[in-house]
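This report deals with salt bridges and burial in a predicted model. The sequence and structure come next.

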Amino acid sequence: MEDAFSSRRRRKSLLQEIVQQLIENSTTFRDKTEFAQDKYIKKKKKKYEAIVTILKPSTRILSIMYYAREPGKINHMRYDTLAQMLTLGNIRAGNKMIVMETCSGLVLGAMMERMGGFGSIIQLYPGDGPVRAATACFGFPKSFLSGLHEFPLNKINSLLNGTFSAEMLSSESKDSTPVEQSNGEHEEKQISEQADEDSIAEASESNLEEQRTMETLPRDPENKEPKEKGNRRDYIQEKQRRQEEQRKRHLEAAALLGERNADGLIVASRFHPTPLLLSLLDFVAPSRPFVVYCQYKEPLLECYTKLRERGGVINLRLSETWLRNYQVLPDRSHPKLLMSGGGGYLLSGITVVSDSLRADPSLKSCASTLDSHAAEEPAAKKQKCVGSGS
């Protein structure tokens, strides 16, 4: 502790010496006003004093960092837009949410932070696997990951049509392993054949003394082959184990999606939102919110029109946030001249049960529950009209 305090004092004294030297060398410092002198000193201290503050990662910090440095990785989503998505989507503990995002896992991490490890999140991902670079920066404990599920986006249509099965996942995972095994055995045979040919050629050309030395050399590849073979087998077994775990996670996610009673839907991807939203709304329960983010307005306008034609949604709203920073200082508070040009657009709404959706057998349970609640409501009492006595 004493060494830390002494080093801090030395840095502070050194900084004061640097600032004092700059003041003495400045020809215009004395002519400045007291306010200008304080501003000059603060500017020089900020320039020559390096202060590092370690902060706990949060949604606000990570979203500001990504938007300032790498906005393309989060589809140019501004931090205030992300906050509105969490509010409009009613993200809270205990919910069962569906998220489809290509923002490096920033939206997923924000939802996990808001839910606090309670509830379940089903992430739909394109390609081979989900991208969670920003999610890893949050440093969530393992308890938060227990409610996180993943499901490939290319299996959504089969899940909607009722043709999805576990065999579809197992067939894909088993296709790659026999090829790797056959390739490994073929390489091992080639190595052993080459080693035998080299040993025979060297034995015929060398003398007796060289033969004794060469007898030990061909054994080296033979001794290394079991190790390489064991490492290759371990790699194949580890890959098969990971594929089996991934298949189990996909089956769990498929079972959750098959219930079609999600509490909300969040879409923030680089793909066109209309086909995504129209297919994923079938997994959301009635009277639940959904939010769609897009960097541009035109795709959301098309999505808005399709939803109006389809029905089953109310309170449709297409919005854009206007953000301007303010400088707040004593007697110097004013809006800054530069501001953000745009942070994207949001399309939000609430799902309802329409007549066309009631005909769907998968939603009969939802419709029956609504009808039962309506039947349980007592009839309104008639008010007695008391006539005026004469």
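## A salt bridge within helix α11

Glutamate 238 and arginine 241 are 3 residues apart in helix α11, so about one helical turn separates them. An α-helix has 3.6 residues a turn, so residues three or four places apart point the same way. The two side chains form a salt bridge, with 2.4 Å between the closest N and O atoms.

Both partners fall in the partly exposed class. Glutamate 238 has a relative accessible area of 29%, and arginine 241 has a relative accessibility of 40%. The pair also belongs to a network of salt bridges that links Glu238, Arg241, Arg242 and Glu245.

## Glutamate 150 and its two arginines

The model contains 11 salt bridges. Among them is the contact of arginine 132 with glutamate 150, where the closest N and O atoms are 3.0 Å apart. Arginine 132 sits in the loop between β2 (120-125) and α6 (133-137), while glutamate 150 is in strand β3 (residues 148-152), so this salt bridge ties together parts 18 residues apart in sequence.

Glutamate 150 also meets the side chain of arginine 249 in a salt bridge, at 3.4 Å from N to O. Here the link is between distant parts of the chain: glutamate 150 belongs to strand β3 and arginine 249 to helix α11 (residues 219-258), with their positions 99 residues apart in sequence.

## Burial around glutamate 150

Is glutamate 150 buried or exposed? Glutamate 150 is buried, because its relative accessible area is 7% and the buried class covers values under 20%.

The arginine partners are classed as partly exposed. Arginine 132 has a relative accessibility of 25%, and the value for arginine 249 is 34%.

## Helix α5 and the glycine after it

How many of the residues in helix α5 are buried? In this helix, which spans residues 106-115, 8 of the 10 residues are buried, so α5 is mostly covered by the cut-off of under 20% relative accessible area. The buried residues are Leu106, Val107, Leu108, Gly109, Ala110, Met111, Met112 and Met115.

Glycine 116 comes just after α5 and takes a positive phi of about 70 degrees.

Key
Residues numbered from 1 in each chain as written. Predicted model: local features only at pLDDT ≥ 70, side-chain atom pairs only at ≥ 80, totals over all residues. Heavy atoms only, no water. Buried < 20%, exposed > 50% of the residue type's maximum accessible area, 1.4 Å probe, protein only. Helix = DSSP H or I, 4+ residues; strand = E, 2+ residues; numbered from the N terminus. Salt bridge = Lys/Arg side-chain N within 4 Å of Asp/Glu carboxyl O.
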